[in-house]
Amino acid sequence: MALHTEATRGAARIITFENPPVNALGIAMVGELLAAIDAAENDAAITTIVFTGSGSFFSAGADINDFLREPPKDAKNIRDLCARIERATKTYVAAIDGTAMGGGLELSLACDYRVATTRSKVGLPEIKLGLIPGAGGTQRLPRLIGAQPALEIMLKGDPVDAKRAKELGILDDVVEGDVIEAATKFAGAPRKRVSARQAELGIKGLGLFAAPFAVATAHKMVPPEDRGGFAAHKLIDAVEAALEFEFQRGLAREFRLFDELVRSAPAQALMHVFFAERELGKIPELEPAEPLDIKRAAIIGGGTMGTGIAITFASAGIPVTVVEPQDDQVERSRQTVFGTFSYHVQRGRMTQEEAWQRAQAIEFAKDYSAIKDVDIVVEAVFENMDVKKEVFTKLDATVKPGAILASNTSTLDIDAMAAQTKRPELVVGTHFFAPANIMKLLEIVRGKSSSAQTLQTAMALGKKLRKVSVLSGNAFGFIGNRMFFDYSREAIALAEEGVSPSRVDAVMKNFGMAMGPFATFDLSGVDVFWRIQQDRGDAVGKRTNIIDRLYQAGRYGQKTGAGFYKYEKGGREPIADPEVEKLFAEEALAAGIAPRNVSDEEIVKRLVYALVNVGADLLQSGIALRPGDIDIVFIYGYGFPPHHGGPMWYADEVGVANVVADIKRFGWDVSPMLAELAQRGQALKDYRPSAKELAHA
Ligand code: T1G
């Protein structure tokens, strides 16, 4: 099956990419295009070659799969394609209708002219994969629009819409209608190679003399190499080459930097994350079912979570009613809604009109009669089973048959709530993360009776709410919180051995975590952990007395101005508190734990391997479907550094056998699945759930 088609309009040869879903320019595709170019170059009747893409993509760039395997000998890639166009004789035009990203945009930059439709977007997102543009983008874009604006686009990696791309000078023309027609207007026009231009700095009033200063400033503005900045610094080096060197020499520098990155651990980890995120919606063994159409929603409880969830629905254009009996709570919730949307207006993320409409999409009601016709209800009341059972009983009696009843519980048993209803097949967990309107992660919890249609509806809704949705089995703490408990408990064990909370947090931040475990405790609330320890002591393993003592002292964390840290009045900056270290020392003494010197390396290992060990159990028990799902949960829900790929990918990077050896050295029970993989010399990514495990999932 050919991956492109060819047509002729006058003296123009129209080459259309036909490689769904995103017209990726993989090795096979490049081979075809090189042949097509040769044919057009040798056709005397042809003066101009027009590239375009089928569907809503020009091209999403190189086939990322090609970077995860050894390419066949003599394989040609986008670089070769751009080099062929560079030395060609005829005029080349890119006719973009839809998305042109990465190598797709680089191909168009190698062309002489670029036209696009108004709906089009262009971008160089390679940095999100731990890469840099590797087919001339770092040399041609600075020449076309200036080094500074080019660097901004490549460092962010976000697409630019057609209007902005024209303003910047990336596009020669933007049209409403037939982009091919617009492109053929350039037929026979003189060649206009971008490579022939001199790259300017692109900063008003500053000439090339300021380049060294601009480059130095750029290096200061990106994270250090070992903290996720690996590709960013190389990108700046490549753009510096565009400013300093003639085109071919700059290109050689780009290629060298790209080749260094593509095999690097951060890039391999980030490409794993790319595909792991796209695997989430593929649920083995789940019958296909048409998702229900969610036109109207309701939230039970107008607290912090309920309000954040309501804002999320309204922001996705789904009208929502918040059922909240207490007037003061309704007032607080209204204020949060308006505050959130006006903040987005201030940041230019939406117009006043849009903010008004979204805020109007959130209504408040005192009782359930107002929500009997909604399509889904998300319960977000106090984390107590009796309270939740009562809510589900009332909902089942009030809301129309066929409506989905979901719970935002973060730990409790979905089946117990479903048992309160006559529609257990329509009950599911939708575990949002605080703040719900910001955090991208959504755990979809499958009850034993949840139907395929209910699950497909919840997954589709997650996409509509612009969330990253991960399916979890119904067990205590689901995936994220279940693993986070072991992680937190190991942090407390380290502090009992004399490692100060601030050092543990500093080491984990240096590893790349968005926040250390103790600061996270204080943000989510020591009282929340205490209550769960109260309700489910056995499920969270050995009781940690320090939590009891902090709770009894009213040290709930940021909300009470003190927890594992103390805080300035209303402040969020954690301040080390000797009082807490004294508490730890007393607990250690009582437990006969002697203080010891613990290296930074051991701190990272104990905390990350605590995640890996329980993660492996969740895979074996079918609570988590794939190691990649767990990685996505921790990257989007718990601030795990994406350039380490997530805890399970990190374990493979280190080597499962090494992880198991250390776990034994720490004196923990090794997860049977992990021990088995280590014995077989296999990696977690080789893990495939058995039929029994899938049946449990
Ligand atoms: N390579 C391979 N597969 C890709 C792909 C790509 N570049 N882009 C998407 N897919 C697959 C994806 O896995 C999914 O597969 C399906 O297409 C639909 O994707 C030399 C080095 C374009 C914005 O980084 O950001 O060029 O799950 O679900 O939500 O300098 O895909 O259906 O089997 O994401 O509409 C640079 C990556 C490559 C863009 C569309 N390009 N893609 O989003 O669909 S490196 C990128 C995206 C490069 C050169 C360099 C998004 C999208 P499946 P999807 P979507």
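Visitor: What makes up the lining of the largest cavity, by class?

Guide: By class, that lining has 9 nonpolar, 1 polar and 1 charged residues. The model is a predicted one. The lining includes Leu-151, Ile-236 and Val-239, together with Gln-148 and Glu-240. Leu, Ile and Val count as nonpolar and Glu as charged, while Gln falls among the polar residues because it is in neither of those lists.

Visitor: Which helices supply at least two residues of this lining, and which gives the largest share?

Guide: Helix 5 (147–156), helix 8 (211–221) and helix 9 (230–244) each supply at least two. The largest share, 4 residues, comes from helix 9.

Visitor: Why is this space called a cavity, and what is its volume?

Guide: The term applies because a 1.4 Å probe fits at its points but cannot get out. The volume of the largest cavity is about 70 Å³. The structure holds 3 cavities of 30 Å³ or more.

Visitor: How many residues surround the ligand, and which are the closest?

Guide: There are 25 residues around the ligand, and the closest are Ala-60, Glu-106, Gly-134, Arg-278 and Lys-282. Their classes divide into 15 nonpolar, 5 polar and 5 charged residues. Helix 3 (103–110) and helix 11 (265–279) each supply at least two residues of this shell, with the largest share, 3 residues, coming from helix 11.

Visitor: Why do Ala-62, Glu-126 and Arg-278 count as making polar contacts with the ligand?

Guide: The cut-off for a pair of N or O atoms is 3.5 Å. A backbone N or O atom of Ala-62 lies 2.9 Å from a nitrogen atom of the ligand. The side chain of Glu-126 has an N or O atom 2.9 Å from a ligand oxygen, and for the side chain of Arg-278 the distance to a ligand oxygen is 2.6 Å. Each of these distances is within 3.5 Å, so each pair is a polar contact.

Visitor: How much of the accessible area that the ligand has on its own does the protein cover?

Guide: On its own the ligand has 1000 Å² of accessible area, and the protein covers 73% of it.

Visitor: Why is the pairing of Arg-13 and Asp-43 called a salt bridge?

Guide: The two side chains meet at 3.0 Å, N to O. A side-chain nitrogen of Arg within 4 Å of a carboxyl oxygen of Asp meets the criterion, so the pair is a salt bridge. Arg-13 belongs to strand 2 (residues 12–17) and Asp-43 to the loop between helix 1 (27–41) and strand 3 (48–53), so this pair, 30 residues apart, links distant parts of the chain. The whole structure has 49 salt bridges.

Visitor: What makes the peptide bonds at Pro-21 and Pro-435 notable?

Guide: Most peptide bonds are trans. The bond joining Pro-20 and Pro-21 is cis, with omega about 10°, and the bond from Ala-434 to Pro-435 is also cis, with omega near -10°. Pro-21 is in the loop between strand 2 and helix 1, whereas Pro-435 is in the loop between strand 16 (427–432) and strand 17 (441–446).

Visitor: What is the phi of Glu-285, and where does this residue lie?

Guide: Most residues other than glycine have a negative phi. Glu-285, which is not glycine, has a positive phi near 70°. Glu-285 lies in the loop between helix 11 and strand 11 (297–300).

How values were computed
Residues numbered from 1 in each chain as written. Predicted model: local features only at pLDDT ≥ 70, side-chain atom pairs only at ≥ 80, totals over all residues. Heavy atoms only, no water. Near = heavy atom within 4 Å. Polar contact = N/O pair within 3.5 Å; in protein donor to acceptor, adjacent residues only side chain to side chain. Areas by Shrake-Rupley, 256 points an atom, 1.4 Å probe, with all protein chains shown as cover. 1 Å grid on protein atoms, 1.4 Å probe; cavity = no way out; pocket = protein on both sides within 12 Å on 5 of 7 lines; lining within 4 Å. Points joined across faces, edges and corners; volume = space filled by probe spheres on them.
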